[in-house]
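Subject: Structure handover

Hello,

Here is the structure you asked about. Please open it next to this email and follow along.

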Amino acid sequence: MIRFDNVTKRYDKIAVVSDFNLEINEGEFFVLIGPSGSGKTTTLKMINKLILLSEGYLYIDDGKISEYDIQELRWNIGYVLQQIALFPNMTVEENITIVPEMMKWSKEDMKDRVTELLASVDLDPETYRKRQISELSGGEQQRIGVIRALAANPDIILMDEPFGALDPITRNSLQQDVLKLQRKFKKTVVFVTHDMQEAIQLGDRICVMNQGKIEQVGTADEILKHPANDFVKEFLRTGLPHYDGEKTVQTLLDKEFYTTEELSYDETMSAETSLDDLTLALARFEAIKVETAKSPVYITKDHLIHYYAHEIQGENTGRKEVEA
Ligand code: ADP
Ligand code: MG
């Protein structure tokens, strides 16, 4: 659907996005995440040619974007920004129909589309269509920003930190709306954020960027369980309050939840096996064997339960200390 083939963007001689290779699938909710200045906005704006690339190729539906008519390209790509880019002295309806108007839709089609879109984000069409933008709350305005991007039924929606300026409750409800809309209208969404929790909540896949380069691409699960390098690990640690790295069988060994006494066992695991897999195994079996550098050790159901109890107690202690 959208493919970056060795794309580089330079300002003067400095590459702000370099050798970027990436494929975003049709209908995918794709999140670009990274610290400020990592090249997220630049990457996004190259897709709709608001920024021209310096080297490489960018394809949409197998066509090079350099060969697309810019007008058509923009009509087929919705765009939502953080700073609400609505026209304050126009009505909601007028704002939503800007692109359909340019595309010369009939009055009737535009009216129906506004009704459908307002209803899809739980804004009563008859109450809201004639309101001025300046009469709406920040959250309502950003809802209009989102449905305006959908108005002319583009295949692709680009969103650049659209909810960054909203309070957490409004933000959460808009995240839910956007997910619902994306599933309902089956759009390809490229969503920029610097918030890891938002990325995990929304992304089918997440691309972690740093200094114009890709550090890792994968599902939230893959990235959380197998961060590709120290940068990604550190990014997770600072971005997620409860993240403390991937837990494995080794975690239990470190805390001495095992026995060296030989037991009958049902499965053999390595110290690198994930804690999830260990838990699944011990839900079915009584004991598993772990080969270690020294001698084999055994972990039982009992060890695992005591390990979890230890974790819960540890957390409780932590919380009490904070309160005191
Ligand atoms: P992000 O969106 O991840 O915060 P950007 O894509 O906006 O990052 O910017 C990436 C880098 O490119 C930054 O270092 C920024 O200063 C630089 N940059 C952006 N626009 C320009 C420009 N017009 N001229 C020179 N450098 C720019
Ligand atoms: Mg940016």
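Below is what was found, taken region by region.

This is a predicted model, so please read every value as computed from it.

**Domains**

The domain assignment splits the protein into domain 1, residues 2-239, and domain 2, residues 249-313. Their C-alpha centres are 44 Å apart.

**The four-stranded sheet**

Start with the open sheet of four strands. Its order is β2-β1-β4-β5, and the pairing is antiparallel. Two strands sit at the edges: β2 (14-24) and β5 (63-64). Each of these edge strands pairs on one side only.

Now look inside the sheet. β1 and β4 are joined by five bridges in the antiparallel sense. To find this pairing on screen, go to Ile2, which stands opposite Ile60 in β4.

Ile60 is also a marker for the next pair. Its bridge partner in β5 is Gly63. Beside that, Tyr59 stands opposite Lys64 in β5. In total, β4 (residues 55-60) and β5 pair over two bridges, again in the antiparallel sense. The two strands form a hairpin, with two residues between them. Check Asp61 in the turn: its phi is positive, at about 50°.

When you look at side chains here, keep one rule in mind. In a regular strand they alternate between the two faces of the sheet.

A helix covers part of this sheet. α1 (residues 40-47) lies across β1 (2-11), β2 and β4. Relative to β1, helix α1 runs at about 120°.

**Helix α8 and its two partners**

Which helix packs against α8 at an angle of about 15°? The partner is α7 (residues 138-150), while α8 itself spans residues 168-185. Their axes are 11 Å apart. The angle is under 35 degrees, which makes α7 roughly parallel to α8. The crossing is right-handed.

The α7 side of this contact consists of Gly139, Gln142, Arg143, Val146, Ile147 and Leu150. They meet Thr170, Ser173, Leu174, Asp177, Val178, Leu181 and Phe185 of α8. By class, the α7 contact with α8 holds seven nonpolar, four polar and two charged residues.

The other partner is α5 (residues 107-120). The axes of α5 and α8 come within 11 Å and cross at roughly 135°. That angle makes α5 oblique to α8. From α5, the contact uses Arg113, Glu116, Leu117 and Ser120. From α8, it uses Lys180, Leu181 and Phe185. The α5 contact with α8 divides into three nonpolar, one polar and three charged residues.

Two α8 residues are worth selecting. Leu181 and Phe185 appear in the contact with α7, and both appear again in the contact with α5.

**The three-stranded sheet**

Finally, move to the open sheet of three strands, ordered β11-β12-β13. Here the pairing is mixed. The edge strands are β11 (267-269) and β13 (297-300), and each pairs on one side only. From one strand to the next, the twist averages 35°.

β11 and β12 (residues 287-290) pair in the parallel sense, over three bridges. Use Thr268 as your landmark for this pair: it stands opposite Lys289 in β12.

Best wishes

Technical notes
Residues are numbered from 1 along each chain as its sequence is written. Chains are lettered from A and ligands numbered from 1 in the order in which they are written. This is a predicted model: local features need pLDDT of at least 70, side-chain atom pairs count only at pLDDT 80 or more; totals for chains, interfaces and linings use all residues. Side-chain values use heavy atoms; hydrogens and water are left out. Two strands pair if DSSP finds at least two bridges between them. Contact means heavy atoms within 4.5 Å. Axes are lines fitted to C-alpha atoms, for helices over the stretch in contact, and angles run from 0 to 180 degrees between N-to-C directions. Angles under 35 degrees count as roughly parallel, over 145 as roughly antiparallel, 65 to 115 as roughly perpendicular and the rest as oblique. A crossing is left-handed if the near helix is turned anticlockwise from the far one by less than a right angle, and right-handed if clockwise. Ala, Val, Leu, Ile, Met, Phe, Trp, Tyr, Cys and Pro count as nonpolar, Asp, Glu, Lys and Arg as charged, and the others, Gly among them, as polar. Domain bounds come from an automatic or database domain assignment.
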